[in-house]
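Q: I would like a close look at one topic in this model: whatever there is to say about disulfides. Please go through that part carefully, and then carry on to the sheets, the cores and a few single residues.

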Amino acid sequence: MHPAIRASAPLLMALALAACGGGGGSPGATGSSGTTGSPGSSSGTGGTTNAEGAWLSFTPNPIEVSGYEGESVPFKITATSSRTFTKPFNVAIVDTSGTITTDVQISAQNEMTYVANLRTSAKLPAGTTQAKLEVRLCEDAPLTCAKPLPGSPWLVPLKVNVKSSAEAAKRIVLSAQSLQAEVYSGEKAMLSLDGTFTGDLLGQGFLVGIVDRGNLSTATVIPSSQGFRASLSTSASLQPGEYASNLEVRLCRDNPAVCSIPAPGSPVIVPLKISVKSSVNLTPLAAVPGLGSWSTYQGNAAHTGNADASFDVARFTRRFNIPATSTFVREFNTVAVDNGKVFVVTGGATSNPSELLAIREADGKVEWRGSLGNIERANSPAVGNGQVYVTSTGLDSFMWFFDQGGALLSKTTMVSQSFKYRAPTVLGDDLYSLDGLHNGITKFYAPAKTKTWSVYMPQADGYTVAVDAEFVYGYAGGTFSAMRVSDGVQTWAVGDADNPFPAFTGNTPALAGKLGIILEGGRLMAFDRTPTRTWSVANGFVGQPAVGNGLVYALAANGNVLEARTSADGKLQWTSESLGASDFREVIVTRNLAFVSGATRTLAIDLATHKIVWTYPRGGSLAISSNGVLYILGNTGALDAINLQ
């Protein structure tokens, strides 16, 4: 016997037709799908016309169904009769080719119309399969059908178009065809993978899951009607080495962890590679010719953010890292580096005591801590002359003088009208800081820790002055001004005509020779000593520019690209490739690389190719020491040290 499914469903309820001379009755019906059948003819457009069987027609006829490899596609046939019979009969739908399943369900729409629900086989290969469904109506068992009804059997052509699994997978458009991460032992890397559904996959209600067959990562999936967004976290237990796995992007009718009813084309495979590096590489320190101390914000009194040396990204390794010291967010958080020590201020509220830390470059250990007490705010440090300088602002406003061995030498009373100062500026024996006591700028003679002069400068948060051998330069209140180094007397000033809110702005100048470069309000501009604003360009500039190699480097398009422009006229020389995010705000430069940093990443951009050549999974303010170590300081105190040589 061949397999058959039997169902109780009346087919073609008997109605007497004059031509048949029949009476009435309620026949039983059995729906069957098998692999054999008796010969016969068919009626309708899809088969051979037989006058004796013309009383029964099928819609559609022929039948055409489309689906994907591995998919069982439902379809239906409607049978319509124009006569009835006095005797009960049975029905079978026979398929000798295995094109449909044995799951056949027949139901009555009315006394003369019935619908058969069928499914294609999930085992059909990609391509086109042709078959003929044999519909039998018999007074006896349909598989033998020794007593067929007039015209039985009918042959209904069936065409099944099966698309490949590869075509099915194309309906899922992924944001990446492969993923890779570089991470340090004991830590996790975060990756993202987005998917968009297209075509006939939309609106089908599949559940989405991502399974890592190598157990290197875990995923959190947020579905939507149009696709999904996934965040992946690598395992923190991986030891140093290279790892590879495959991610299965699963679309399923059931739980994706089981996925016994997958969508055609599921799973989509996404290769994953993870490089796990040693978290500590305390290689011997060696001074880099031409590099000095990183004394203040953007490295020096000109705030150029320039380290005049070349570095090979192939040699970059993490030296050490220090986790965040608190959850308190410190704006304008920067380090100073001198004599093999990294200086950083921690804390920042009356309930969170502030400290000045000296961290050894050699091993990342804290050499000493200088207490600043329970003050409102301690600002970032500056170094020079064997000393460390810190301003505190708020109710407890002082200039603090420490020696680099940790001893508090002095603290001089100040007044802060603005709350958040940048690090003081150091040039030679002299120290310059905002000072609200004199409503402007104060110059200190650092060896004696005494004030030399004070001059008026509009107060604003987040800036400091630049200094060269002749002048102290400031940009505040919409005016770029220069004061003589010797006595603080203002020599010249020029207004910024395009500044819409001059009373509330203060920005740190970067000096390019005798030009002062200012980034303010999305504009990059230069002022000279004539005094004139020599050029101004608006392109969504953010952060602080860097100066080196005869160019000005600034983050444009709201932090999405790095631009290089000539300092003399502001003409664009090149634009980097997209940085992949718009949160980058920090930039410093070397002879061959620019380092840019945002909230969560730091990148190195090759100045020759303008391409990203190195990525590090943390962000913050940047500094490069005389020993060729890159420091990345997060705004909650996390400090990462990267060997550049």
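A: A disulfide here is a pair of cysteine sulfur atoms within 2.5 Å. With that cut-off in hand, let us turn to the model, which is a predicted one. The structure holds two disulfides.

One of them joins C252 and C259, whose sulfur atoms are 2.1 Å apart. That distance falls inside the cut-off, so the pair counts as a disulfide. Turning about the S-S bond by -95°, the link of C252 and C259 is left-handed. How far are these two cysteines shielded, and why do they get the label they get? Buried means a relative accessible area under 20%. C252 has a relative accessibility of 0%, so C252 counts as buried. C259 is buried too, because its relative accessible area is 14%.

The other disulfide is made by C138 and C145, with their sulfur atoms 1.9 Å apart. The angle about the S-S bond in the link of C138 and C145 is -95°, and this link is left-handed. C138 counts as buried because its relative accessibility is 0%. For C145 the value is 7%, so C145 counts as buried as well. If you count the bonded cysteines along the chain, the disulfides follow the pattern 1-2, 3-4.

Now for the sheets. Four strands form an open sheet, and their order is β9-β11-β14-β13 with antiparallel pairing. At its edges you will find β9 (172–174) and β13 (217–223), each of which pairs on one side only. From one strand to the next, the twist of this sheet averages 25°. Looking at one of its edges in detail, β13 runs antiparallel to β14 (residues 227–234), and seven bridges join them. To place yourself within that pairing, start from T218: its bridge partner in β14 is S233.

A further open sheet of four strands is worth a visit. Its order is β18-β19-β20-β21, again with antiparallel pairing. Here the edge strands are β18 (336–338) and β21 (366–373), and each pairs on one side only. On average, neighbouring strands of this sheet are turned by 20° against each other, direction ignored. The antiparallel strands β20 and β21 are joined by six bridges, and A358 stands opposite W368 in β21.

Two strands of this second sheet also lead us to the nonpolar interior. The largest nonpolar core has 34 residues, and those that touch the most other members are V335, F595, I624, L630 and Y631. Strands that each supply at least two residues of this core include β19 (341–346) and β20 (354–360), along with β17 (317–322), β45 (593–597) and β47 (612–616). Also among them are β48 (621–624), β49 (629–633) and β50 (639–643). The largest share, five residues, comes from β49.

I624 makes a good viewpoint inside this core. Leaving aside residues up to four places away in sequence, I624 touches L291, W294, A307, I588, T590, F595, V629, L630 and L644. A second, separate core has 29 residues, including I63, V65, I77 and L149.

Two single residues round off the tour. The first stop is N507, in strand β35 (residues 506–507). N507 has a relative accessible area of 16%, so N507 is buried. A polar atom of the N507 side chain lies 2.9 Å from the backbone oxygen of L519. Not counting residues up to four places away in sequence, N507 touches Y463, T464, Y475, I518, L519 and E520. L519 therefore appears both as the residue offering that backbone oxygen and in the contact list of N507, with 4.5 Å between heavy atoms as the cut-off for contact.

The other stop is L408, which belongs to strand β26 (residues 408–413). Is L408 buried, partly exposed or exposed? Its relative accessibility is 44%, so L408 counts as partly exposed. The residues L408 touches are W400, F401 and F402, when those up to four places away in sequence are not counted. L408 can also be placed relative to G428: the two are 20 residues apart in sequence, and their C-alpha atoms are 21 Å apart in space.

Notes. Residues are numbered from 1 along each chain as its sequence is written. This is a predicted model: local features need pLDDT of at least 70, side-chain atom pairs count only at pLDDT 80 or more; totals for chains, interfaces and linings use all residues. Side-chain values use heavy atoms; hydrogens and water are left out. Two strands pair if DSSP finds at least two bridges between them. Axes are lines fitted to C-alpha atoms, for helices over the stretch in contact, and angles run from 0 to 180 degrees between N-to-C directions. Buried means under 20% relative accessible area, exposed over 50%, partly exposed in between (1.4 Å probe, protein chains only). A nonpolar core is a set of buried Ala, Val, Leu, Ile, Met, Phe, Trp, Tyr and Cys residues joined through side-chain atoms within 4.5 Å. A polar contact is a pair of N or O atoms within 3.5 Å; within protein, one must be able to donate a hydrogen and the other to accept it, and residues adjacent in sequence count only if both atoms are side-chain atoms.
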